[in-house]
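The exercises that follow are meant to be worked with the sequence and the coordinates side by side. Each one sets a task and then goes through a solution step by step.

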Amino acid sequence: MEAKEKLIKLIKNTEVFCPKPAGKKDILIASDKIAMISDSINLNIDSEIIDGRSKIAVPGFIDNHVHIIGGGGEGGYVNRTPEIKLTDLTNAGVTTVIGCLGTDGYSRSMKELLAKAYALEAEGISTFVYTGNYRVPLLTVTKNIPEDLILIKKIIGAGEVAISDHRSSQPTFDELKRLIADTRIGGILSGKAGVVNFHIGDSDQRLDILNRIVAETELPITQMLPTHIGRSPELISAAMDFAKRGGMVDLTTSVGKELEKGKTVQTDKVFKYFLANGVPPENISFSSDGQGSLPVFDKDGKFLYLGIGKVKSLFDQFRKSVTDESIELETALKPVTLNPARYLKLEGKGSISEAMDADLLLLDKNDLSLDTVIAKGKIMIREEEVLVKGRFENR
Ligand code: ZN
């Protein structure tokens, strides 16, 4: 039997980034919440003391686009990617994940996606899902998108819906308009964000249809979240324009070295470019596309094999934004904490403050490596040692 974890935890003398820098503080965790943040907290009760010296505390990361039951399948059954393990997420500092389906909504289903989200939640992290997959009209759990949002707590939006891609269902303007409107209404009636996550492919249409929806309807630009926008310089430029007009844009961090040979630009570099060109840092998020399939090419562009998206890339790109691109820590944290929490209305998530969920990370002050992960008040990783594994990991 493992020893019962203490419900009261106290992190002493740690440099807090909320993401806003708050200086050296003590953080009191009571059960699954942050109970108090103060210069000095001393307790006379039985509690777990965590030494925060030489570390910085940041909010637990939010990964807003992960194929938690696997994805792929393009090119045949053998290319179906496996489902995610708890530690794939926690080893990347991810304490909140949004699961989604991709190309395959036929042999994979929303029921399976929801069941996996419940399983990960039971293993200790926070989970949500998008309803649907690439195809329009969406494959929903109930009769339609609004009912999915209103009746199923974990469903916070729709996606990933493919546009500007040869694998999309070639949705028309009217179909997309209705889809966004339905998702928004479901959100309004359930108090959720009701955002549609759009997979943007590599066709020349890029964000054209989304721009047309903004221009020709009353639907707010913030109801759509285009992702994979680092795919090409042309798409990066279209996304920059979209973000400057108030749109939220999402950068995919699972870009293998092999893809640099193509047109894809690494997330830290696009992030830096956006900031230098006046895109508000509040309008940018990162997601890993974890467990999605990634074609790997040789240096001449010849297809070699299918790789798999890694959630760890989310943490790596955050870190590189600071270490390689000299972006301030507070700014570099926003795309993986505050921004997705706000875009997707994730209550209690995305920042370190009193009464928020106790989702936090301790990073080494010098090299920003991941030291400790706390999810809903439970220590998942302590001083680089994994304490909590998924039910069937190593069994
Ligand atoms: Zn995608």
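Helices (H or I, at least four residues) and strands (E, at least two) are DSSP runs, numbered from the N terminus. The model is a predicted one, in which local features need pLDDT of at least 70 and side-chain atom pairs count only at pLDDT 80 or more, whereas totals for chains, interfaces and linings use all residues. Residues are numbered from 1 along each chain as its sequence is written, and side-chain values use heavy atoms, with hydrogens and water left out.

**Exercise 1. Locate Lys-376 and decide whether Lys-376 is buried or exposed, or in between.**

Solution. Begin with the secondary structure, where Lys-376 falls in the loop that joins β17 (370–375) to β18. Next take the accessibility classes, in which buried means under 20% relative accessible area, exposed over 50%, and partly exposed in between (1.4 Å probe, protein chains only). The relative accessibility of Lys-376 is 23%, and Lys-376 therefore counts as partly exposed. As a last step, take the distance to Gly-292, which is 84 residues away along the chain: the two C-alpha atoms are separated by 27 Å.

**Exercise 2. Determine which parts of the chain are tied together by the salt bridge of Glu-5 and by that of Lys-6.**

Solution. The criterion comes first: a salt bridge is a side-chain nitrogen of Lys or Arg within 4 Å of a carboxyl oxygen of Asp or Glu. A search of the whole structure with this criterion gives 28 salt bridges. In one of them Glu-5 pairs with Lys-378, with 3.7 Å between the closest N and O atoms. Because Glu-5 lies in the segment before β1 (8–17) and Lys-378 in strand β18 (residues 378–382), the pair ties together parts that are 373 residues apart in sequence. Glu-5 is partly exposed at 30% relative accessibility, and Lys-378 is partly exposed at 33%.

Turn then to Lys-6, whose side chain meets that of Asp-46 in a salt bridge (3.8 Å, N to O). Since Lys-6 lies in the segment before β1 and Asp-46 in the loop between β3 (33–38) and β4 (48–51), this pair connects parts 40 residues apart in sequence. Lys-6 counts as partly exposed at 32% relative accessibility, whereas Asp-46 is exposed, with a relative accessible area of 59%.

**Exercise 3. Describe the salt bridge between Asp-174 and Lys-177, and name the residues linked in a network of salt bridges.**

Solution. For Asp-174 and Lys-177, the closest N and O atoms are 3.6 Å apart. Both residues belong to helix α4, and because they are three residues apart they are separated by about one helical turn. Asp-174 is partly exposed at 49% relative accessibility, as Lys-177 is at 31%. The network is made up of Lys-33, Lys-349, Asp-357 and Asp-359.

**Exercise 4. Characterise how helices α7 and α8 pack.**

Solution. Two packed helices are described by the angle between their axes and the distance between the axes. The axes are lines fitted to C-alpha atoms, for helices over the stretch in contact, and angles run from 0 to 180 degrees between N-to-C directions. Helix α7 (residues 267–276) packs against helix α8 (residues 312–323) at an angle of about 50°, with the axes 8 Å apart. Angles under 35 degrees count as roughly parallel, over 145 as roughly antiparallel, 65 to 115 as roughly perpendicular and the rest as oblique; α7 and α8 are therefore oblique to each other.
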